[in-house]
Amino acid sequence: LRDPALSAMADAAQHDGTAGELDSLAETAVLRPLRTGNAFEDTVERLLQMIRLGIVAPGEALPAERDLAARFEVSRDTLREAIRSLADAGYLVSKRGRYGGTFVVDALPPAADAAPPTPAELDDALGLREIIEVGAARAAASRTLTTKERALLRTRLRESAAAELDDHRRLDSRLHITIGELSGLPSLVGLLAENRMRVNGYLDGIPFLIPNLEHSNRQHEVVAAILAGDPDAAGAAMTEHLRGTAALLRGFLS
């Protein structure tokens with residue numbers, strides 16, 4: 001089962017020859033069954049994850065309702081209620097006609113103000129992030145990537161480096177999720193996506209610093225290490241990259 005509008009993975013397959021087989025990892029990360037009793041709330045959370053992490057980009061359509069309901073293992077009524085609530089909140093819009101469907105709005109609403117994390121909560125999120133993402137970088141560098149996988153990684157790096165300020169976090173997240181996908185470990189991708197949402201929520205509470213964004217882009221030399229098949233260099237570069245962001249978060253929020 002393949003959704004043409006699922007993610008940037010499908011976009012890359014159409015536009016730059018990216019491997020279609022990568023779709024299965026993106027699906028595993030987000031389009032997996034819900035496992036708790038709060039079906040409505042969890043469906044809203046999962047849809048927001050797809051939107052906020054750029055798996056379905058602004059202006060793109062969500063997968064068909066029947067497919068989303070089947071993948072989440074929720075009723076069509078629950079899914080429609082979640083979609084309707086996110087439309088009311090300004091994240092989604094329905095379009096009629098031959099090319100109709102449910103689309104992510106072109107300009108997402110600003111993130112809601114939230115209480116800052118406690119030092120323990122921040123340490124937990126950042127510590128888990130380092131374990132997951134350094135491990136993902138090392139695992140990706142340890143694999144023999146296909147030509148299409150290598151092209152995808154280069155594309156995601158270019159997109160992130162060229163991103164406008166208001167779209168930087170989404171495209172940066174997409175790069176990091178792609179690195180997770182290239183690890184070849186579906187369970188890791190799900191953990192990475194959930195942790196990334198948590199850290200992005202904290203980042204929404206601090207100002208954008210242009211020098212840090214430029215430094216962040218330079219530190220994506222981790223991509224070069226992955227392409228070179230050097231796990232040690234990939235892990236070291238990812239560690240440096242993540243610790244720069246962690247220092248800012250602790251400085252502003254601790």
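**Exercise 1. Find which helices supply at least two residues each to the lining of the largest pocket, then describe that lining.**

*Solution.* Start with the helices: H3 (39-52), H8 (168-182) and H9 (186-203) each contribute at least two residues to the lining of the largest pocket. Bear in mind as you look that this is a predicted model.

Next, rank the contributions. H9 gives the most, with six residues.

Now turn to the whole lining, which has 33 residues. Nearest the centre of the pocket lie Arg52, Ala111, Arg169, Asn200 and Asp204. Sorted by class, the lining residues of this pocket comprise 20 nonpolar, four polar and nine charged. The volume of the largest pocket is about 990 Å³.

**Exercise 2. Count the cavities of 30 Å³ or more and characterise the largest cavity.**

*Solution.* First, the count: the structure holds two cavities of 30 Å³ or more. The largest cavity has a volume of about 200 Å³, and 16 residues line it. Closest to its centre are Arg169, Leu203, Asn212, Leu213 and Thr245.

Then assign the lining to helices. At least two residues come from each of H8, H9, H10 (210-218) and H12 (231-253). By class, the lining of the largest cavity splits into seven nonpolar, five polar and four charged residues.

Finally, put this beside Exercise 1. Arg169 is among the residues nearest the centre of the largest pocket, and Arg169 is also among those closest to the centre of the largest cavity.

**Exercise 3. Place Pro109 in the fold and decide whether Pro109 is buried or exposed.**

*Solution.* Begin with the position: Pro109 sits in the loop between strand S2 (101-104) and helix H6 (119-142). Now apply the cut-off. Buried means under 20% relative accessible area, so Pro109, at 19%, counts as buried.

Then list the partners. Beyond its neighbours within four places in sequence, Pro109 contacts Arg52, Ala89, Gly90 and Tyr91. For Ala89, the sequence separation from Pro109 is 20 residues, and the C-alpha to C-alpha distance is 8.1 Å.

**Exercise 4. Do the equivalent for Glu73, and look at its phi angle.**

*Solution.* Glu73 is found in the loop between helix H4 (65-72) and helix H5 (76-88). Exposed means over 50% relative accessible area, so Glu73, at 53%, is exposed. Its phi is near 60°, a positive value in a residue other than glycine.

**Exercise 5. Trace the largest nonpolar core.**

*Solution.* A general point helps first: in soluble globular proteins, nonpolar side chains tend to be buried together.

Here the largest core has 27 residues, and those that touch the most other members are Ala137, Leu153, Ile179, Val222, Ile226, Ala234 and Met238. Helices H6, H8, H9, H11 (222-227) and H12 each supply at least two residues of this core. H6 has the largest share, six residues.

Zoom in on Ile179. Leaving out residues up to four places away in sequence, Ile179 touches Ala136, Ala137, Ala140, Leu153, Val222, Ile226 and Met238. To finish, look for a second, separate core: it has 17 residues, including Val44, Val56, Leu68 and Tyr91.

**Exercise 6. Work out where the chain has its lowest and highest confidence.**

*Solution.* Take the average first: the mean pLDDT of the chain is 83, and 84% of its residues reach 70 or more. Then compare elements. Confidence is lowest in helix H1 (residues 8-15), at a mean of 35, and highest in H6, at 97. Over residues 1-24 the pLDDT is below 50, although this stretch has 57 contacts in the model beyond near neighbours in sequence. Where pLDDT is low, the predicted coordinates should not be read in detail.

Methods
Residues numbered from 1 in each chain as written. Predicted model: local features only at pLDDT ≥ 70, side-chain atom pairs only at ≥ 80, totals over all residues. Heavy atoms only, no water. Helix = DSSP H or I, 4+ residues; strand = E, 2+ residues; numbered from the N terminus. Buried < 20%, exposed > 50% of the residue type's maximum accessible area, 1.4 Å probe, protein only. Contact = heavy atoms within 4.5 Å. 1 Å grid on protein atoms, 1.4 Å probe; cavity = no way out; pocket = protein on both sides within 12 Å on 5 of 7 lines; lining within 4 Å. Points joined across faces, edges and corners; volume = space filled by probe spheres on them. Nonpolar A, V, L, I, M, F, W, Y, C, P; charged D, E, K, R; others polar. Core = buried A, V, L, I, M, F, W, Y, C linked by side-chain atoms within 4.5 Å. pLDDT = per-residue confidence, 0-100.
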